[in-house]
Amino acid sequence: MPHHQTDTLWRRVERILPTVTKPGRYVGGELNQVVKPWDSVSTHVALVFPDIYDLGQSNLGMALLYDILNQRSDVAAERAFSPWTDMEAAIRSADLPLFSLENKRSLAEFDIVGVSLPYETVYTNFLNILDLGRIPLRSQDRTQAHPLVIAGGQAIFNPEPVAPFVDAFVIGEGEQVILEVVDCYQSWQTSGADREALLVQLAGISGVYIPSLYTVDYLPDGTIQGITAQHPAASLPVNKRIMAELPPAMTRFLVPNVEVAHERVSVEIMRGCTRGCRFCHAGMVNRPIRERPIEDILSSLRHGLDQTGYEEVSLLSLSSSDYSQIIPLIEGLRQLLSERQVNISLPSLRIESFSDELMDVLQSLSPGGGFTLAPEAGTERLRNIINKPLTDEELMETVRAVFRHGWKSLKLYFMIGHPGETLEDVEGIVTLSRAILQEERRAAGGRARLHVGVSTFIPKPHTPFQWAPFEDPAVIQQKLAILHDGLRGAKIKMTWNDPKASLLEAWLSRGDRRMAEVIFNAWRNGARFDAWSEHFNLDFWQKAFADASLDPDFYSKRERELDEILPWDHINTGVRKTVLLKDYEWSKAGKVRPDCRQTCYGCGILSTFGELRLAAPNGGWKCP
Ligand code: SF4
């Protein structure tokens with residue numbers, strides 16, 4: 001678009017901004033944003049987060065890609081987020097396209113549109129963004145004139161439900177792949193070849209999955225007969241991409257103009273987890289464990305605090321207490337913070353294991369902070385089934401230590417609906433929470449706050465529970481009622497998830513390629529912001545299933561046959577299906593699998609990524 005047209009677009013946007021809430025979401029111009037003159041680079045990448053700015057701007061993955069891409073002089077990476085409903089209505093009625101925050105360009109003007117899909121409930125927002133950006137929703141309808149639409153993120157370890165809408169998926173860690181995708185795009189552009197040739201070339205990059213190069217066939221009962229590669233360049237399976245060591249920490253921290261979800265400097269201290277909780281998607285798909293050296297963590301935090309003026313830092317990982325140098329790290333952090341003489345709070349760390357020493361250093365660093373424990377189930381029996389072995393006595397011991405060390409707030413996370421859960425297990429949550437409350441009275445005299453957070457178990461792809469049924473929402477309601485009744489009158493704050501919203505997640509997370517029609521229908525019916533309780537409407541989805549002639553129960557209620565081809569079987573996370581299956585069988589027998597840092601059980605990571613293991617620096621990987 002010629003420069004004057006961009007001016008016109010922006011001038012028209014400026015006219016509607018005063019009519020919408022939080023116009024700061026749409027203007028850019030933040031401290032440390034990167035704006036390159038449009039014609040000064042050859043490749044324009046729009047990084048899209050399909051939820052509002054306030055959430056997306058706190059997303060570390062997107063910030064990291066923005067930083068990495070903008071370090072290249074030939075690339076400009078710009079940002080776009082979902083407009084809130086009022087802004088959507090305003091730009092639609094003014095007939096304006098969705099635009100990037102930096103150069104205020106319509107998404108259709110970019111070479112590459114990279115979408116982050118961290119959870120399934122943003123899928124309708126994703127379609128909405130393509131529509132608002134004036135990009136055909138389906139890959140097959142895009143031509144040479146349209147951007148290449150790529151997607152990555154935790155949800156797309158099962159890419160199939162959104163496969164028709166995406167040209168290329170990046171499975172796994174995107175920090176290196178994104179640069180290879182740009183290189184590939186540039187050489188394709190100079191070659192003048194057609195779009196099909198671009199997709200075939202991209203298929204050659206490790207970790208890239210081009211759904212249009214595969215076909216899926218179904219059996220009469222609706223299960224999958226086979227997934228077939230239709231081109232020699234399309235590998236089967238598609239291995240996820242990982243890095244031998246964690247990418248360099250961020251160099252530029254952007255400071256938002258409007259209040260965002262997390263106003264703090266975040267650094268990822270470790271990737272992966274080896275505990276093997278059977279319900280945990282992140283713990284299975286992000287293996288192996290790789291730790292970031294302490295010096296890198298501290299220097300990134302120092303940088304971030306200097307650049308932003310934030311007064312809160314956050315250490316990101318799946319279970320921070322498993323970081324092998326956690327005590328020296330906390331000591332280093334304390335020193336860093338005292339140099340700055342600012343009062344810094346550390347948000348609750350999720351602690352899976354603890355020592356008195358760790359409690360001491362944590363408490364001295366963050367005396368007002370909260371402590372979080374995630375027993376996930378109310379009885380020892382069920383904790384063995386989900387592979388979170390922890391006796392009631394061990395748990396109470398931790399709780400006593402938490403109060404002894406002076407914490408004033410304790411959060412407990414539980415999940416209901418686990419495979420094999422009985423009503424006694426749910427009553428166990430009540431018994432345990434009340435016992436913890438008693439302990440608090442003894443140790444802290446009723447001054448500490450107790451919070452019980454209850455979520456619903458959702459069977460996720462690539463986990464040992466991928467075959468398990470999702471609990472009937474009516475039974476979930478019954479279980480929630482047991483908790484409400486049991487905790488009534490106790491000084492415990494309880495929060496819970498809407499079982500209907502969990503049902504949607506259950507449908508989408510184990511969907512096959514036919515689910516795309518349902519997502520499209522739901523979007524057309526008006527579904528937006530499904531992750532937001534005030535916008536989520538199950539009716540849109542039920543109608544969407546009916547219009548696609550698909551049975552929602554097929555996706556949620558059914559226990560999958562053990563020999564069934566699952567929609568995501570062609571995506572290899574490194575953990576073998578046979579290992580997951582054995583774990584599923586063990587769960588039924590209540591048999592526990594110990595943390596593999598003690599004994600490697602050959603999950604498949606080393607056979608898939610053996611070469612990378614050799615290239616990894618000493619001590620970074622926790623696999624043998
Ligand atoms: S290869 Fe061994 S140590 Fe590494 S994640 Fe798998 S089981 Fe654990």
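## Close-up views of a predicted model

**View 1. Two cationic side chains lie over aromatic rings.** Arg-514 lies over the face of Tyr-218, at 4.1 Å from the ring centre. In this predicted model, a second such arrangement involves Lys-591, which is placed over the face of Trp-586 at a distance of 3.9 Å from the centre of the ring.

**View 2. Phe-457, Phe-465, Trp-467 and Tyr-584 make up one aromatic cluster.** The structure holds 17 aromatic pairs, and one of them joins Phe-457 to Phe-465 in an edge-to-face arrangement, with 5.6 Å from centre to centre and 85° between the planes. Phe-457 is buried, since its relative accessible area is 1%, and Phe-465 also counts as buried, at 0% relative accessibility.

**View 3. Phe-465 and Tyr-584 form an edge-to-face aromatic pair.** The ring centres of Phe-465 and Tyr-584 are 6.3 Å apart, and the angle between their planes is 75°. Phe-465 belongs to the loop between strand 17 (449-456) and helix 15 (473-487), whereas Tyr-584 belongs to helix 20 (residues 577-588), so the pair ties together parts that lie 119 residues apart in sequence. Tyr-584 is buried, with a relative accessible area of 3%, and this residue is a member of the aromatic cluster that includes Phe-457 and Trp-467.

**View 4. The largest cavity encloses about 220 Å³ of space.** Its lining consists of 16 residues, of which Gln-57, Ser-58, Phe-253, Leu-254 and Arg-264 are the closest to the centre of the cavity. The elements that contribute two or more residues to this lining are helix 3 (60-70) and strand 10 (265-268). By residue class, the lining of the largest cavity divides into 9 nonpolar, 6 polar and 1 charged. In the model as a whole, the count comes to 5 cavities of 30 Å³ or more.

**View 5. The ligand is shown with the shell of residues that surrounds it.** Four cysteines, Cys-596, Cys-600, Cys-603 and Cys-623, are among the residues around the ligand. The surroundings also include Tyr-601, Gly-602, Ile-605 and Leu-606, together with Pro-624 and, from an earlier part of the sequence, Arg-287. Grouped by residue class, the shell around the ligand comprises 8 nonpolar residues, 1 polar residue and 1 charged residue. Because Gly is counted among the polar residues and Arg among the charged ones, the polar member of the shell is Gly-602 and the charged member is Arg-287.

Note on methods. Residues are numbered from 1 along each chain as its sequence is written. This is a predicted model: local features need pLDDT of at least 70, side-chain atom pairs count only at pLDDT 80 or more; totals for chains, interfaces and linings use all residues. Side-chain values use heavy atoms; hydrogens and water are left out. A residue is near a molecule or strand if one of its heavy atoms lies within 4 Å of it. On a 1 Å grid over the protein atoms alone, a cavity is a set of points where a 1.4 Å probe fits but cannot get out, and a pocket is an open set with protein on both sides within 12 Å along at least five of seven lines; lining residues have an atom within 4 Å of a point. Grid points are joined across faces, edges and corners, and a volume is the space filled by probe spheres set on the points. Helices (H or I, at least four residues) and strands (E, at least two) are DSSP runs, numbered from the N terminus. Rings of Phe, Tyr and Trp (its six-membered ring) pair if their centres lie within 6.5 Å; planes under 30 degrees apart count as stacked, over 60 as edge-to-face and the rest as tilted. Buried means under 20% relative accessible area, exposed over 50%, partly exposed in between (1.4 Å probe, protein chains only). A charge sits over a ring if NZ of Lys or CZ of Arg is within 6 Å of the ring centre and within 35 degrees of the ring normal.
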